[in-house]
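Me: I'd like a close look at just one part of this model, please. Pick a stretch worth the trouble, then work outward from there and give me the cut-offs as you go.

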Amino acid sequence: MLYSKMEIVFGSASRRMLYSSASLHLHRQLFLMAPKSHRIRQHSTMQGAVKKPRSILTESAPTSSSMKDSFSKYAEYLNQFNDKRERVVKASRDITINSKKVIFQVHRISKNNKDEVLQKAEKDLSAVKDQYIARLVNELQGTDFWKLRRAYSPGVQEYVEAATLCKFCTTGTLLNLEEINSLLLPLSDPSLEPLQINILDYILGLADLTGELMRLAIGRISDGEIEYAEKICRFVREIYRELTLLAPKMDESWDMKSKMDVMLQSVMKIENACFSVHVRGSEYTSLNGIEDPSYALLGVSEFE
């Protein structure tokens, strides 16, 4: 009797399983036999019934509008900053080109036209300051011009190089940073923060000056102005000696490290040229038509 009851229970359970399996199989066959459009609608209906769409909470309209206005201001600031940077780069390029012209003018100097050449070089340097430096000052004064230093630094360094070269050829002294900035001060609006050349750009321009002085010394030796070449040699030595003490403290300036190597080469070239003149003075004086016989007896000890 117990066995018959179990048979009745398990038999009814098996019949329910068979019935559900048969109904599922029939439903699948009907779904496959239906048209494609009907199957798609039915499939989407089934998914929609199972998975409900999630609602996304959004902020209020005034908050979204204020954020949009903020980003619009940021975009406008960046566009204006990039436009200013392009103008500053153009001004720096013009300063570089015209300062190089001043340097080339100084290299035309000789024993016969020294005053004339230096006078024209000073005039051209003043034009660079009044035209191109003034345009750079107008772009940068009253702003955070240190943000754009990399854009205008090459032009400023070239101007420092030209100004110090003219100063040395005219007076034999060095044009310091305070004197250069005092020349640029009238270009700025008194009510705004003036653009001043920083110490790093001044030192980098001064390092480039030694290369131009080396070329000038070689040219003076070929023209027979030995004393002037010796004066240049002593001046370049002094600059190199002072910057040698300063360069180790400029860890962040890779340009200064490379320029110190070039500066040492310039000093050695001037020294070797002056040394050769003193050692082989008799050959050199005969080529230049110097009749003083004592010049050929100059010793190395007389050269500093």
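Reply: Let's take α8, whose buried residues are Ile 226, Tyr 228, Ala 229, Glu 230, Ile 232, Cys 233, Phe 235, Val 236, Ile 239 and Leu 243. Buried here means under 20% relative accessible area, exposed means over 50%, and partly exposed is anything in between, all with a 1.4 Å probe and protein chains only. Before going on, a word on the input: this is a predicted model, so local features need pLDDT of at least 70 and side-chain atom pairs count only at pLDDT 80 or more, while totals for chains, interfaces and linings use all residues. Residues are numbered from 1 along each chain as its sequence is written, and side-chain values use heavy atoms, with hydrogens and water left out.

For context, the chain has 10 helices and zero strands, and buried residues account for 35% of its 304 residues. Helices and strands are DSSP runs numbered from the N terminus (H or I over at least four residues for a helix, E over at least two for a strand).

Back to α8. It covers residues 226–246, and its 21 residues should span 30 Å at 1.5 Å a residue; the end C-alpha atoms sit 31 Å apart, which agrees. The expected span, by the way, is 1.5 Å times one less than the number of residues.

What does α8 face? Start with Tyr 228: Lys 114 lies over the face of its ring, 4.9 Å from the ring centre. A charge counts as sitting over a ring if NZ of Lys or CZ of Arg is within 6 Å of the ring centre and within 35 degrees of the ring normal. There's a second case with Lys 231, which lies over the face of Phe 168, at 5.9 Å from the ring centre.

Two more residues of α8 give you distances to other helices. Ile 239, one of the buried ones, is 29 residues from Thr 210 in sequence but 8.0 Å from it in space, C-alpha to C-alpha. Thr 210 sits in helix α7 and is buried at a relative accessible area of 1%. Arg 234, also in α8, is only partly exposed at 35%. Its C-alpha atom is 9.6 Å from that of Ile 270, 36 residues away along the chain.

Ile 270 takes us to α9, where the buried residues are Met 256, Lys 259, Met 260, Met 263, Ser 266, Val 267, Ile 270, Ala 273, Cys 274, Val 277 and His 278. The 26 residues of α9 (254–279) should span 38 Å, and the end C-alpha atoms are 38 Å apart, which agrees.

The Lys 231–Phe 168 contact is a good excuse to visit α5 (149–171). It is mostly covered, with 17 of its 23 residues buried. Those 23 residues should span 33 Å, and the end C-alpha atoms are 31 Å apart, which agrees. Just after α5, Gly 172 takes a positive phi of about 80°.

α5 also gives the most residues, three, to the lining of the largest cavity. A cavity is a set of points, on a 1 Å grid over the protein atoms alone, where a 1.4 Å probe fits but cannot get out, and lining residues have an atom within 4 Å of a point. The whole structure yields one cavity of 30 Å³ or more, and the largest holds about 70 Å³; a volume here is the space filled by probe spheres set on the points, which are joined across faces, edges and corners. The lining is Ile 133, Leu 136, Tyr 152, Val 156, Tyr 159, Leu 184, Leu 195, Gln 196 and Ile 197. By type that's eight nonpolar, one polar and no charged, where Ala, Val, Leu, Ile, Met, Phe, Trp, Tyr, Cys and Pro are nonpolar, Asp, Glu, Lys and Arg are charged, and the others, Gly among them, are polar.

Leu 195 from that lining belongs to the loop between α6 and α7 and is buried at 7% relative accessibility. Its C-alpha atom is 6.7 Å from that of Leu 140, 55 residues away along the chain. Gln 196 is 9.4 Å from Leu 177, C-alpha to C-alpha, with their positions 19 residues apart in sequence. Leu 177 lies in helix α6 (177–184) and is buried too, at 12%.

Terms used: On a 1 Å grid over the protein atoms alone, a cavity is a set of points where a 1.4 Å probe fits but cannot get out, and a pocket is an open set with protein on both sides within 12 Å along at least five of seven lines; lining residues have an atom within 4 Å of a point.
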